[in-house]
Amino acid sequence: MKKQTFLSMQALFVSTLFFFSCSSSNDEIETPIQPENEKYFQVPIGFSGEILNITESPLSRTGEAKDWYAFQVYSAPEDGSQEYSYYAYGFFDNKKDMIINLKEGYKYRFDVCMVVDGSEKVYTFSLVNAGWTTIGNSFMISSEEHVRYMYEGYLYIQNPWDTYNRPNVDRFFGRTTDYIPTEGGSVDIDMKRVSFGAKFVAKDFTEGSLEISVEGAPMIKLEASEGNEVEDIISFNNLESAFTNNDYSESIPVNITWVKTDNVRVPIASEAIDFKRNRLTTIEFIVKENTSSNTFSLNANETMVEGETVEIGGDGTNTEVNPNQ
């Protein structure tokens, strides 16, 4: 028994010597050259600007919902020898996780889009290569993958469950350019609202329902039993332009149809209306079968500046359409 144990130990010793001998010779050939040490700074992200006044929005917020953020980060050599290129992206529903590692010797550009109460409104985001994705609460470093529709209104929303160029969400966009990281530094991103409010007031509306279509946005419906007013907040189609221009507006076709109780459909208005950034436009119209004109009155409250009055419609008579005939 002792002899067998001694022989086994000899065999193990010889095998071990052979293993280390082979490893040593291979290491001399296969060990790669180690890269120079690179320094990174861990940087938190904060926000300023109009985003601080979300609670003053004309529409009330739900208490339990979380805001959703989409980030696109770019980098370029600090010496200006190259243009900005993709560095990282990320999707978040809280601010405490918004910490990113930035490499020394580079400057950075941060673009971010935030959807108010996104957890209850947005179905998913999208990446260029990987397709639809959702919240990850971390930054992903990538020079190729990036956020799709980062600068467009296009969004996949929950209710109604579909994609829209002008989704009915309150949205903010922000940018910080040429940020150079330092020890203990932080990124501050100035945020501006890139959406508008639309309030519709129907006069002499006593029966049936209204179908209000703002091009690119979900249909707004109002039953006479629910009252004569309805409002929503809608994202612009061009987010980057709305951010860079404080007086940005989009001329958007609006169609209003009265559906009577007997299913007869009466066109009430069809006109392009100028909706302005960070303003609530109140549109008043008369609900009746024969109208010579429809008056749209634009006004403003706390965050919305006084606008003008736009008269639309002609001197003709609306034609009823009866689907039962």
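**Empty space in a predicted model**

The protein has an accessible surface of about 17,700 Å², and 47% of that belongs to carbon and sulfur atoms (areas by the Shrake-Rupley method with a 1.4 Å probe). This is a predicted model, where local features need pLDDT of at least 70 and side-chain atom pairs count only at pLDDT 80 or more, while totals for chains, interfaces and linings use all residues. Residues are numbered from 1 along each chain as its sequence is written, and side-chain values use heavy atoms, leaving out hydrogens and water.

Q: What makes a space in this structure a cavity?
A: On a 1 Å grid over the protein atoms alone, a cavity is a set of points where a 1.4 Å probe fits but cannot get out. A search of the whole structure finds two of 30 Å³ or more, with a volume being the space filled by probe spheres set on the points. The largest cavity holds about 110 Å³.

Q: How do you know which residues line the largest cavity?
A: Lining residues have an atom within 4 Å of a point. For the largest cavity there are 15, and the closest to its centre are Phe125, Arg148, Tyr149, Leu155 and Arg171.

Q: Which strand gives the most to that lining?
A: Strand 6, with three residues; strands here are DSSP runs of E, at least two residues, numbered from the N terminus.

Q: What makes 43% of the residues count as buried?
A: Buried means under 20% relative accessible area, with a 1.4 Å probe and protein chains only. Of the 325 residues, 43% therefore fall under that cut-off.

Conventions
On a 1 Å grid over the protein atoms alone, a cavity is a set of points where a 1.4 Å probe fits but cannot get out, and a pocket is an open set with protein on both sides within 12 Å along at least five of seven lines; lining residues have an atom within 4 Å of a point. Helices (H or I, at least four residues) and strands (E, at least two) are DSSP runs, numbered from the N terminus. Buried means under 20% relative accessible area, exposed over 50%, partly exposed in between (1.4 Å probe, protein chains only).
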